[in-house]
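Good morning, colleagues. Please have the sequence and the structure in view while I speak.

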Amino acid sequence: MAYTERHNRFTDWWLKVVMWRERHIKEKNFMVTLALFVGVVCGFAAQLLKYLIHLISSLLTSHLNTTTANWVFLVCPLIGIMLVTLFVRYVVKDNISHGVTKVLYAISRNKSRLKKKNIYASLVASSVTIGFGGSVGAEGPIVFTGAAIGSNVGQAFRLSPRMLMILVGCGAAAGIAGIFRAPIAGMLFTLEVLMIDLTGATVMPLLLASISGATVAYVLEGYNAEFFFSQSEPFYTSKIPYAVLLGIVCGFASLYFTRVMIWMEGIFGRITHRWQKITFGGALMALLIFVFPPLYGEGYDVINHLLDGNPSAVVDGTFFYVDRDNVWFIALFIGAVLLMKAFATSATNGAGGVGGTFAPSLFVGALCGFLYAYLLNNLDVPIQLSNKNFALMGMAGLMSGVMHAPLMAIFLTAEMTGGYNLFLPLLIVSSISYMTIRIFEPYSIYTKRLAMAGDLLTHEKDKAVLTLLKVDNVIEHDCKAVHPEMTLKEVVDIIATSNRNLFPVVDSEGMLKGIVLLDEIRNIMFRTDLYRKMHVTRFMSMPPARVLTTDSMEKVMATFDRTNAWNLPVVDPEGHYVGFVSKSKIFNSYRRVLRHYTDD
């Protein structure tokens, strides 16, 4: 009882605070303060996630011998998956995988509202998954966590959906900025991946959130870059053709990575039993990590070895340690790890682990760029290429292709390595990779699932507004139904009490059988001699098309365009009548949402 009273007093006090804010501080001005607050909180959340991952990982692997294969790689990842599965099933009780996709769905379909438990669920689950060796990254979960922090702060202050969407973007941007110490990349991630428009209302909150998130990271970790990189060789213009070719290679590598991930996700989707997923995915992941230890965890140590020009260290802790100085074996081993990373990441998530594709794309990119230069140098090309420089370029190329975010890839790679002197080749490789994959795959690894379901919010205003609209919100229920056995007299009586000119024909089970149009019976509705003779089945007609309650608004508009109809009946997937949808109602809703969506 005492708890209930305290809760009620707090609720009353908080309501007064919110109402005072609404009266005295404009929403757009208040956003600046909230963006700073969300940025700081998300910065600390990112640091907590990194600390937990490194703590768990160091406890498990600090004693390992790098000259022999280690059974820890076979056991620990599977244990981590089981712990996460139990946590998600009995504590979270919700699906928290594919964090970035979940944020995109919340923006597109759920008015940017995320649950309170999303603040901690991904953070805990991903730290266990990665700490125990799951072959995924922490960046997707921190985006989910940051977005949930922004969403719940906005909901607490009763912000409008437009401002709530911006605050979700602020949380995501601060999460990326905090975990990579990359404020510009954090803001660009929100603009390119989450597809929130850069307008007067968004630029300042996003920038402040990113800067504050990165500042927390700088204060707690210092000013050293995330990856150690020193440019030992300058990039000459004579190497531009090799950078262009690397961009094409990275584009196809991105396509391979994306297609394998989606394909493996489909395989796991067809496995209905939870423990079968754990057994199959966990066994595949553990076996891959045991044979190829560089797949263990985020893989940042491998990236540092490549950026330091030390490829021999990649084979440490494997069966093949004795061949660590064989040039062609190293090339073959790196190539195999590159190809297997997508399978290991898919197996980790498919088995029940929680992690993102940020780190895997950086990992594959570093391997791809390094292997490209390494092979060309050993094939005696006319110009000697820097393995380290091309590893860095590969990171930008893969991230650009996989995420369809070339600007973010460029700035993130430069910010987390300090490789600003390679800005031109980073730009070349990133843009070429993006253009290459766009030929074959129009959507990123995050947006493909939503695009297939019609739930993707894009930068195209027309499609964005249609995505924000829902069929349920434009259905009209004021059309009076008639039954197939009704006489003309009964129909005329219903027409006399209705203000509509169309009437659904519904049977006793609620199934839609056709429609009656006033214009089509106007010539007989005053003939009293037909009142008892004619029944609805004689003069009803079939609608030109039917709209399903599950259809996207874009599909509904395509149906209107195809049929040239002004009104269409709406039915559920079983065929039961629900209502009508009209062009006029859609156009009014469209204009209302468009004004709200473009309001700065």
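Phe 180 touches Glu 139, Glu 226, Tyr 300, Phe 358, Leu 362, Leu 412 and Met 416, leaving aside residues up to four places away in sequence. I should state at once that this is a predicted model.

Let me place that residue in its setting. Phe 180 is among the residues with the most contacts inside the largest nonpolar core, which has 150 residues. The others named with it are Phe 189, Leu 194, Ile 303, Phe 358, Met 395 and Met 408. Which helix gives the most to this core? It is helix 14, residues 358–378, with 14 residues. A second core, separate from that one, has 19 residues and includes Val 482, Val 492, Val 516 and Leu 530. As background, nonpolar side chains in soluble globular proteins tend to be buried together.

I turn next to helix 15, which covers residues 387–403. Is this helix mostly covered or mostly open? It is mostly covered, since 17 of its 17 residues are buried. Its length can be checked as well: at 1.5 Å a residue, the 17 residues should span 24 Å, and the end C-alpha atoms are 24 Å apart, so the two values agree. After helix 15 comes His 404, which has a positive phi, near 55°.

Now to the charged side chains. How many salt bridges does a search of the whole structure find? The search finds 11. In general, side chains of opposite charge can pair when their charged atoms come close.

Arg 500 deserves particular attention here. Its side chain meets that of Glu 476 in a salt bridge, at 3.1 Å from N to O. This pair links distant parts of the chain, 24 residues apart: Glu 476 belongs to strand 1, residues 475–476, while Arg 500 sits in the loop between helix 21 (488–496) and strand 2 (502–506). Arg 500 counts as buried because its relative accessibility is 16%, and Glu 476 is buried too, with a relative accessible area of 13%.

Arg 500 also forms a salt bridge with Asp 478, where the closest N and O atoms are 2.8 Å apart. Asp 478 lies in the loop between strand 1 and helix 21, and Arg 500 in the loop between helix 21 and strand 2, so this pair ties together parts that are 22 residues apart in sequence. Is Asp 478 buried, partly exposed or exposed? At 39% relative accessibility, it counts as partly exposed.

A further salt bridge joins the side chains of Arg 522 and Asp 519, at 2.6 Å from N to O. Here Arg 522 is partly exposed, with a relative accessible area of 43%, and Asp 519 is exposed, at 56%. Elsewhere, Lys 50, Arg 181 and Glu 221 are joined into one network by salt bridges that share partners.

Finally, the surface. Met 82, Leu 86, Tyr 90, Val 91, Tyr 120, Val 124 and Trp 275 make a nonpolar surface patch of about 630 Å². Which helices each supply at least two residues of the nonpolar patch? They are helix 3 (72–92) and helix 5 (118–131), and helix 3 gives the most, with 4 residues. Val 124, for its part, is placed in helix 5. Its relative accessibility is 31%, and Val 124 therefore counts as partly exposed.

Thank you for your attention.

Definitions and conventions. Residues are numbered from 1 along each chain as its sequence is written. This is a predicted model: local features need pLDDT of at least 70, side-chain atom pairs count only at pLDDT 80 or more; totals for chains, interfaces and linings use all residues. Side-chain values use heavy atoms; hydrogens and water are left out. A salt bridge is a side-chain nitrogen of Lys or Arg within 4 Å of a carboxyl oxygen of Asp or Glu. Buried means under 20% relative accessible area, exposed over 50%, partly exposed in between (1.4 Å probe, protein chains only). A nonpolar core is a set of buried Ala, Val, Leu, Ile, Met, Phe, Trp, Tyr and Cys residues joined through side-chain atoms within 4.5 Å. Contact means heavy atoms within 4.5 Å. Patches are made of residues with over 30% relative accessible area and no salt bridge: like charges are joined within 9 Å, nonpolar side chains (Val, Leu, Ile, Met, Phe, Trp, Tyr) within 5 Å. Accessible areas come from the Shrake-Rupley method with a 1.4 Å probe; for residues, only the protein chains shown count as cover. The expected span of a helix is 1.5 Å times one less than its number of residues.
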